[in-house]
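Visitor: I have a model open and would like to go through its contacts. Could we start with what the terms mean?

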Amino acid sequence: SGGGDANTTNGGGEQYIETMVSFRESIRNAALEAAKGGDSKAAIQSVLQICDALRDEVLPKVGVRLEDRPTGTMWNLEDPEVMAKELAEKAAKEKEAQISKLEKQLIAREKECEKIKNSMVKPKDLFRTSEFKEWNESGVPTTLANGDPVSGGQMKKKKKAIDKQTKAFKDLMEKSGDNPQELLSATQKEVDGIKEKLSSLSL
């Protein structure tokens, strides 16, 4: 709590003192933590973040607006309630933007998962389904399940699809270092992580 007594500090003054004491403590703790690890870059980043938080989150609560300008930082006293409303609106917009960004990331990573799964199918097994009963050495189906031969046109299409799958399979093996399952697991983990973030933001 703040120092001073009723003769020297009124209720409003105590708010400012509490704010500055808290700010000093945050800066001091960041510096001490950085000193332990010897990371000056991290210390600078931490101090800047604390300064931004003072401007954007702490001072508005006591009715102080700070604006960083090329000529220096300007300040003004304003209605805390008005500033609180501004902060709430800003936070809502930032949350909305964050959700939108995460949703786009989720779609992209889910598509990547699906692509990996599809590419994991060996070219020769692409048409090894109950629809057919015989295939040639390349995996192209030659006979339908009912015993009818596969038409030449259909065999040509299936051969083209297998060639495309061969390239996709080869590219996947190169990209994953011959370990597509590990790549799939890592990508699925990213998907799950994004879903968790979206879930926490939706609460």
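Guide: A salt bridge here is a side-chain nitrogen of Lys or Arg within 4 Å of a carboxyl oxygen of Asp or Glu. Keep in mind that this is a predicted model.

Visitor: How many salt bridges does the structure hold?

Guide: It holds eleven salt bridges. One of them pairs Arg109 with Glu190, with the closest N and O atoms 2.9 Å apart. That pair links distant parts of the chain, with Arg109 in helix 3 (residues 80-119), Glu190 in helix 5 (residues 180-202), and the two positions 81 residues apart.

Visitor: Are Arg109 and Glu190 buried or exposed?

Guide: Neither label fits, since buried means under 20% relative accessible area and exposed means over 50%. Arg109 has 24%, so it is partly exposed. Glu190 is also partly exposed, because its relative accessible area is 39%.

Visitor: Which residues are joined into one network by salt bridges that share partners?

Guide: Asp52, Arg55, Asp56 and Asp68 are joined that way. Within this network, Arg55 meets Asp56 at 2.7 Å, N to O, and Asp52 at 3.5 Å, N to O.

Visitor: Where do Asp52 and Arg55 lie?

Guide: Both are in helix 2, three residues apart, or about one turn of the helix. An α-helix has 3.6 residues a turn, so residues three or four places apart point the same way.

Visitor: What is the accessibility of Asp52, Arg55 and Asp56?

Guide: Asp52 has a relative accessible area of 34%, so it is partly exposed. With 22%, Arg55 is partly exposed. Asp56 counts as partly exposed because its relative accessibility is 24%.

Visitor: Staying with helix 2, which of its residues are buried?

Guide: Ala43, Ile50 and Leu54. Ala43 counts as buried because its relative accessibility is 16%, and the cut-off is under 20%. Ala43 is also 6.3 Å from Ala30, C-alpha to C-alpha, with the two 13 residues apart in sequence.

Visitor: What span should helix 2 have, and how far apart are its end C-alpha atoms?

Guide: Helix 2 (residues 40-58) has 19 residues, so at 1.5 Å a residue it should span 27 Å; the end C-alpha atoms are 25 Å apart, which agrees.

Visitor: Now the strands. How do strand 1 and strand 2 run, and how many bridges join them?

Guide: Strand 1 (residues 64-69) and strand 2 (residues 72-77) run antiparallel, joined by six bridges. The hairpin between them passes through two residues. Asp68, which also belongs to the salt-bridge network, stands opposite Thr73 in strand 2.

Visitor: And strand 3 with strand 4, in what sense do they pair?

Guide: Strand 3 (residues 132-135) and strand 4 (residues 141-144) pair in the antiparallel sense over three bridges. The bridge partner of Phe132 is Leu144 in strand 4. This hairpin has five residues between its strands, and Gly139 in the turn has a positive phi of about 95°.

Visitor: What does the side chain of Thr143 contact?

Guide: Thr143, in strand 4, makes a polar contact with Glu134, side chain to side chain, at 2.8 Å. Thr143 is buried, because its relative accessible area is 11%.

Visitor: Last topic, the surface. Which residues make the nonpolar patch?

Guide: Tyr16, Trp75 and Leu77 make a nonpolar surface patch of about 360 Å². Tyr16 lies in helix 1 (residues 11-37). Tyr16 counts as partly exposed because its relative accessibility is 34%.

Conventions
Residues numbered from 1 in each chain as written. Predicted model: local features only at pLDDT ≥ 70, side-chain atom pairs only at ≥ 80, totals over all residues. Heavy atoms only, no water. Helix = DSSP H or I, 4+ residues; strand = E, 2+ residues; numbered from the N terminus. Expected span 1.5 Å × (residues − 1). Buried < 20%, exposed > 50% of the residue type's maximum accessible area, 1.4 Å probe, protein only. Patch = residues over 30% accessible without salt bridge, like charges linked within 9 Å, V, L, I, M, F, W, Y side chains within 5 Å. Areas by Shrake-Rupley, 256 points an atom, 1.4 Å probe, with all protein chains shown as cover. Pairing = 2+ DSSP bridges. Polar contact = N/O pair within 3.5 Å; in protein donor to acceptor, adjacent residues only side chain to side chain.
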